[in-house]
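Dear colleague,

I am handing over a structure that you have not worked with before, and I would be glad if you could look it over at your own pace. My notes on it come after the display.

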Amino acid sequence: MFFNKKEGSPSENSIVLPLLPLRDIVVFPHMVVPLFVGRDRSVKALELAAKSGKTIFLASQKNAQQTSPKRDDIFSIGTVAHIIQMLKLPDNTIKVFVEGKHRGRICNYQDDDDFFMVEVEPLEEEIDEREVEVQGLVRSLKSVFENYLNYNKKLSQDFIASAREISDPSRLSDTIAGHLSLKVGDKQHLLEQTSPVSRLEKLLEIMQSEIEIAEIEKRIRERVKKQMEKSQKEYYLSEQMRAIQKEMGEKDDFKNEISELEEQLATKNMPQHAEAKVRKEIRKLKLMSPMSAEATVVRNYIDWFLVLPWSELSRSELTIDDAQRILDEDHYGLKEVKERIVEYLAVQRLAAKTKGPILCLVGPPGVGKTSLAKSVARATGREFVRISLGGVRDEAEIRGHRRTYIGALPGKIIQSMKKVQTINPIMLLDEVDKMSADFRGDPAAALLEVLDPEQNHTFNDHYLDVDYDLSQVLFITTANTLHGIPAPLQDRMEIIRLPGYTELEKLRIAEQFLVPKQLEFHGLAPENVRLPRGALARIIRRYTREAGVRNLEREIAKIYRKVARQMVAGKLSGKLEIGPKHLGTYLGVPKFRYGMKEEKERTGIATGLAWTEFGGELLFVEVALMPGAGKLTVTGKLGEVMQESAHASMSYVRSRAWRFGLKDDFYNKIDIHIHVPEGATPKDGPSAGVTMTSAIISALTKRPLPGDVAMTGEITLRGRVLPIGGLKEKLLAAKRGLVARVIIPRENEKDLKEAPGQIRRGLEIVPVEHMDEVIRILFGEMDQGVYPESAADLDSAAHMKQ
């Protein structure tokens, strides 16, 4: 040990020692402790002490976070210690064992360039003459220490055994103080006490406090354990922490959570009635136990209110022209839908507040109903959300469950509003015709409120149980047919029919949309492969039969997959053009046939026009006569309506037999068989009435029907020709089948405007009002009798003929 005494030092016993600042630890006299030293200045101080008597001064830092403490950052009272052992570790840190000798006070700092050298004055222990009182304190401390051991099982047995043997009050107080789990400030306060009696009294106070806290912890653990059930065991530690905080009067996490909910509510621009509901639930939540099941339900309920949009709007800077351009970019045709959307946007610009329209897109699969709704969202600059209603049979899917049920949630409408976070999204209700009802309710009935512009501003979800405004949502529903949608629901929607694409429209869609899309998808370029219009037309006619273009896209993708394989295999060089004659190589044998006109005039075979979900088709009606007793047979998988049309046609012919040169009882000696080919395909509808009548007359009169004439129209018993639907598709089928003339009901003449000029060009379209006009066109002038208006007139006409 070195005593480099300096002139003018405060004490004769002062010594100059290297200083080792300590972080988060206080070393007491008589205490052996390992230290890990890594700071450069501290390492140099240790090395000097090891060379110069192995004595060093240990003092704690006031702030343990400081890596380079200054003089003012170190406590002035510390411990003079002896270095027992030093060990250098692989990471260049030093592990040193030191033993505290006695207290000391820093009188002066000598040098602090490389490390601190300090002048230390030893602190003498105060001697208390009250020996009996000191011994009483020692016994009290040992008794309290024994009691403390019952609550603290972390102290080593060696330390406990040595503490029990100590009788010196100074050493006993320092030994116990060094091993208690106290804050650095509390330990430093004990170190600065030079009176053993003061240290004993302070230690008694600290240990009594620790015992009280330990007893409180024990009571809390016992109380929590009694209240716990098996399902709550995983929350044991967190509950114990909360209970401790409650016992100590500190604010717990549950109160913080309630404060956060109140802050979120203050920032929400919520309607008054909804805000009042949330505040009431928060007041209720404050009175509940945080771990109770009811508290969880209330907290989830409040969260739903806070995450829903109440006033947030999607703002769009798009002009009307921009919206029209986007709609045209995404879809070809569909003029009526696009016009309706652009009209809505125009009204929205002029009116301060408008109600969102409710559109119902009805059409066969693959015509672009769902993708059109996405395009509308892009054109209007709004958020888009889709709800699939196919197979939904529970009314709660729409309006939610009441909170009394376990696991209750809002319905799909409110959940979708949470997802988009605006009050004016585009909401697509897909497959609205595929819903069904059971004992849990009818979801279609629940939609009546959602899709009613006069009611949906106060939509009431069962879970929220408050009014929610849906009036600014633009609802778009889709369906394949209307008969699956209840009439009251249809009445609330603006129905827009998408009848399916004509062949020309499919060609345009394939050229402008499908081919470029599939080229990019398969990593090809227009320079690699080309599908000419003729090949596309053949794919449409012979490889697909659909109203939309979904299968057409699949067939095009199939071709490009094979081309991509050829390119990767190195079998393709230059640009490949796939013409109609090459399609068999890529797509195989054609899957469908399409109708062509009869090449020759034939008796008893009439060419009709039919509408299907896949477009228009030529429909051939064949009539055969056989000896019999007046039986009428109808085959070809015809529906009930079509069979009734056949009977109506036969009744018309029988009522006019005299005009066609037939005997009045002609039907008693023959059987008539009406057949419509392609018997595996279901057929129905009244529009084949004119075709059937013409075929029956041709068969009975042995007059052939022209092969280049097609016809459509419903017939009455009096011979009137009634209007039909799907005229555009039927004309397209006639055009495709090389028909020259088409006979249509006169009432359908107005619908010719919907048919593109490309379809009408080259077709002679003949409107008729009565079957007499059809007969004149097909067979020329026949016997000009007067049409009998009654049974008496019929007898008179028969008499005139005789």
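The notes below go from the whole chain to one sheet, then to a helix beside it and a few single residues.

Please keep in mind that this is a predicted model, in which local features need pLDDT of at least 70 and side-chain atom pairs count only at pLDDT 80 or more, whereas totals for chains, interfaces and linings use all residues. Residues are numbered from 1 along each chain as its sequence is written, and side-chain values use heavy atoms, with hydrogens and water left out.

The protein chain has 27 helices and 24 strands, where helices (H or I, at least four residues) and strands (E, at least two) are DSSP runs numbered from the N terminus. Of its 802 residues, 47% are buried, a word that stands for under 20% relative accessible area, with exposed for over 50% and partly exposed for what lies in between (1.4 Å probe, protein chains only). About 41100 Å² of the protein chain is exposed, and carbon and sulfur atoms supply 49% of that area; such areas come from the Shrake-Rupley method with a 1.4 Å probe, and for residues only the protein chains shown count as cover. Among contacts (heavy atoms within 4.5 Å) between residues at least 6 apart in sequence, 73% join residues at least 24 apart.

One open sheet has 5 strands in the order E8-E9-E12-E7-E13, with parallel pairing; two strands count as paired if DSSP finds at least two bridges between them. Its edge strands, each pairing on one side only, are E8 (384-388) and E13 (494-497). On average, neighbouring strands of this sheet are turned by 20° against each other, direction ignored. Helix H12 (residues 335-350) packs on the sheet, where it touches E7 (358-362), E12 and E13, and its direction makes about 145° with that of E13; axes here are lines fitted to C-alpha atoms, for helices over the stretch in contact, and angles run from 0 to 180 degrees between N-to-C directions.

Within the sheet, strand E9 (residues 426-430) is joined to E12 (residues 474-479) by 4 bridges, and to E8 by 5 bridges, again in the parallel sense. Leucine 428 has isoleucine 476 in E12 as its bridge partner, leucine 429 stands opposite threonine 477 in E12, and phenylalanine 384 stands opposite isoleucine 426 in E9. In E9, 5 of its 5 residues are buried, with Ile426, Leu428 and Asp430 pointing one way and Met427 and Leu429 the other way.

Helix H13 (residues 369-380) has 12 residues and reaches 17 Å from its first C-alpha to its last, close to the 16 Å expected, the expected span being 1.5 Å times one less than the number of residues. Its buried residues include Leu372, Val376 and Thr380, and what covers the buried residues of H13 includes helix H11 (320-330), H12, E7, E8, E9 and E12. Glycine 381, with a positive phi near 70°, follows H13.

Glutamine 421 also deserves a look: although not a glycine, this residue has a positive phi of about 60°, and glutamine 421 lies in the loop between helix H15 (412-420) and E9. Glutamine 421 counts as partly exposed because its relative accessibility is 33%.

Finally, a search of the whole structure finds 0 disulfides, that is, pairs of cysteine sulfur atoms within 2.5 Å. Cysteine 360 counts as buried because its relative accessibility is 0%, while cysteine 107, at 27%, counts as partly exposed.

With best wishes
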